[in-house]
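Let's take a walk through this structure, one stop at a time. Keep the 3D view open as you read.

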Amino acid sequence: MAKSKKIRIGKKNKKILIIGGIILLIIVVAAIIVSLVLSNNNDVDKTGDNKKEPDKVEEVKKLQIVDEDSTSRPYAVMINNINVARPYQSGLQDAYIIYEIIVEGGITRYMALFLDQDTERIGSIRSARHYFLDYALENDAIYVHHGQSPQAKRDFTALDVDRIEVSENKTGWRDTSLNVSSEHRLFTSIEKLENGLGSKRTERKNDLLLNYSVDEIDMANLDGAIPAENISIKYSGTTTSSYEYDSDAKVYKRFVNGKKHTDYVTKEQYTFKNIITYQVDNYTLNDGENKGRQELENIGSGTGYFISGGYAVPITWEKSSRSSQTKYYYESGEELIVNDGNTFIQIQPEGQKLEIS
């Protein structure tokens, strides 16, 4: 039997083999690493191809006319509207709601509501009439006036009305530069009114009077909608409020007795986004003073119009008590929603002429 031969590897060859093995191992390891890197890159690319763009977070629209999160109480300021004082009216564009109601002698007064504003000149300020208190209360407002009728003085206590009576120093001033008598020169500002707050409650208990839509309401498609580009609201033989619709700005330009209703400071014509108009009965009080003071039959219900965006729609209203909020409804019975903007509430004497065209 032949003997097997042993293969002898020299030291030099052995060293070469070891080095070669190491090199081969390095190559294999490198190949594995490259393969893994390429695989990961492919995975990233594939993931990227299939990955959806992150959903864009839509910005939540907020009302511009009022801050819905605010709990501040508004100021309800009595505004002089006799013809000689009207040219000096100031600050009304900052009010989010204004009421116009008849008083004695066929003239009207305004009550302008300011919420979270810093208006520097408001006025001129005039005296209280008792039925205006109903509308201050429905907004949980701090009532602002200078002077009062006997009926209003009685109701300040009876209705527990928070009020500021504007004076010539702490809470207001008289503008002696104006060419009118002294009673038409009294003005205030939000800063001045804050001087009169004292310990009065400043947090509002009521919800806002009106429901607002952040999106423009399609008025043309509401039930009963009619075109409303020109509105005329007669209060008496001496006072008529009217509006013309500006379709570009989507607001109503205001006129009184056919003249532009302008701000004394800015010289700009007052504009309003919304108009609510309805009629209530009024009559002259027999209070022994023969000054022609009025009573207003405003507790109950009735019909009217909501006007905005170039159209008017019929509505109903109801007010159950002097301090309760007036509720406004479409004819369908759904609660009224108004456009985001300022509102003029025209409470017109029953039987007077209303024109919408």
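Start at tyrosine 252, whose bridge partner in strand 15 is phenylalanine 272. Before going further, a word on what you're looking at: this is a predicted model, where local features need pLDDT of at least 70, side-chain atom pairs count only at pLDDT 80 or more, and totals for chains, interfaces and linings use all residues. Residues are numbered from 1 along each chain as its sequence is written, and side-chain values use heavy atoms, with hydrogens and water left out.

Some vocabulary helps here too. Helices (H or I, at least four residues) and strands (E, at least two) are DSSP runs, numbered from the N terminus. Two strands count as paired if DSSP finds at least two bridges between them. As a rule, strands of a sheet pair through backbone hydrogen bonds, either parallel or antiparallel.

Back to our starting point. Strand 13 and strand 15 run antiparallel and are joined by two bridges. Strand 13 covers residues 251–256, and it also pairs with strand 14, again in the antiparallel sense and over two bridges. Here phenylalanine 255 has lysine 260 of strand 14 as its bridge partner. The two strands form a hairpin with two residues between them, and asparagine 257 in the turn has a positive phi of about 55°.

Strand 13 has yet another partner: strand 12, with which it pairs in the antiparallel sense over six bridges. To trace this pairing, find serine 242, whose bridge partner in strand 13 is phenylalanine 255. Then look for aspartate 246, which has valine 251 of strand 13 as its bridge partner. Strands 12 and 13 make a hairpin with four residues between the strands, and in it lysine 250 takes a positive phi near 60°.

How covered is strand 13? Mostly: five of its six residues are buried, where buried means under 20% relative accessible area, exposed means over 50%, and partly exposed lies in between (1.4 Å probe, protein chains only). Strand 12 (residues 240–246) has five of its seven residues buried, so it's largely enclosed by the rest of the structure.

On to strand 11 (residues 230–234), which pairs with strand 12 in the antiparallel sense over five bridges. Isoleucine 233 stands opposite serine 241 of strand 12. A hairpin takes you from strand 11 to strand 12 through five residues.

Now go past strand 14 (259–260), into the loop between it and strand 15 (271–272), and you'll meet lysine 267. Lysine 267 isn't a glycine, yet it has a positive phi of about 70°. Is lysine 267 buried or exposed? At 57% relative accessibility, it counts as exposed.

Aspartate 140 makes a nice contrast to visit next. This residue sits in the loop between helix 2 and strand 5 (142–145). Aspartate 140 isn't a glycine either, and its phi is positive at about 50°. At 9% relative accessibility, though, aspartate 140 counts as buried.

Next comes an open sheet of three strands, with the order 4-8-7 and antiparallel pairing. Strand 4 (122–123) and strand 7 (173–174) stand at the edges with a single partner strand each, so one side of each is left without a neighbour in the sheet. Strand 4 pairs with strand 8 (residues 186–188) over two bridges, in the antiparallel sense. Glycine 123 stands opposite phenylalanine 187 in strand 8. The peptide bond from glycine 123 to serine 124 is cis, with omega near 5°. That serine 124 is found in the loop between strand 4 and helix 2 (132–138).

Out on the surface, Asp118, Glu120, Glu191 and Glu194 gather in a patch of negative charge. Patches like this are made of residues with over 30% relative accessible area and no salt bridge, with like charges joined within 9 Å. A salt bridge would be a side-chain nitrogen of Lys or Arg within 4 Å of a carboxyl oxygen of Asp or Glu. One of the patch members, glutamate 191, has its place in helix 4 (residues 190–194). At 60% relative accessibility, glutamate 191 counts as exposed.

Our last stop is phenylalanine 344, in strand 22 (residues 343–349). At 1% relative accessibility, phenylalanine 344 counts as buried. Its C-alpha atom and that of alanine 112 are separated by 9.2 Å, with the two residues 232 residues apart along the chain.

Conventions: Patch = residues over 30% accessible without salt bridge, like charges linked within 9 Å, V, L, I, M, F, W, Y side chains within 5 Å. Areas by Shrake-Rupley, 256 points an atom, 1.4 Å probe, with all protein chains shown as cover. Lys, Arg positive; Asp, Glu negative; His and termini not counted. Charge placed at Lys NZ, Arg CZ, Asp CG, Glu CD.
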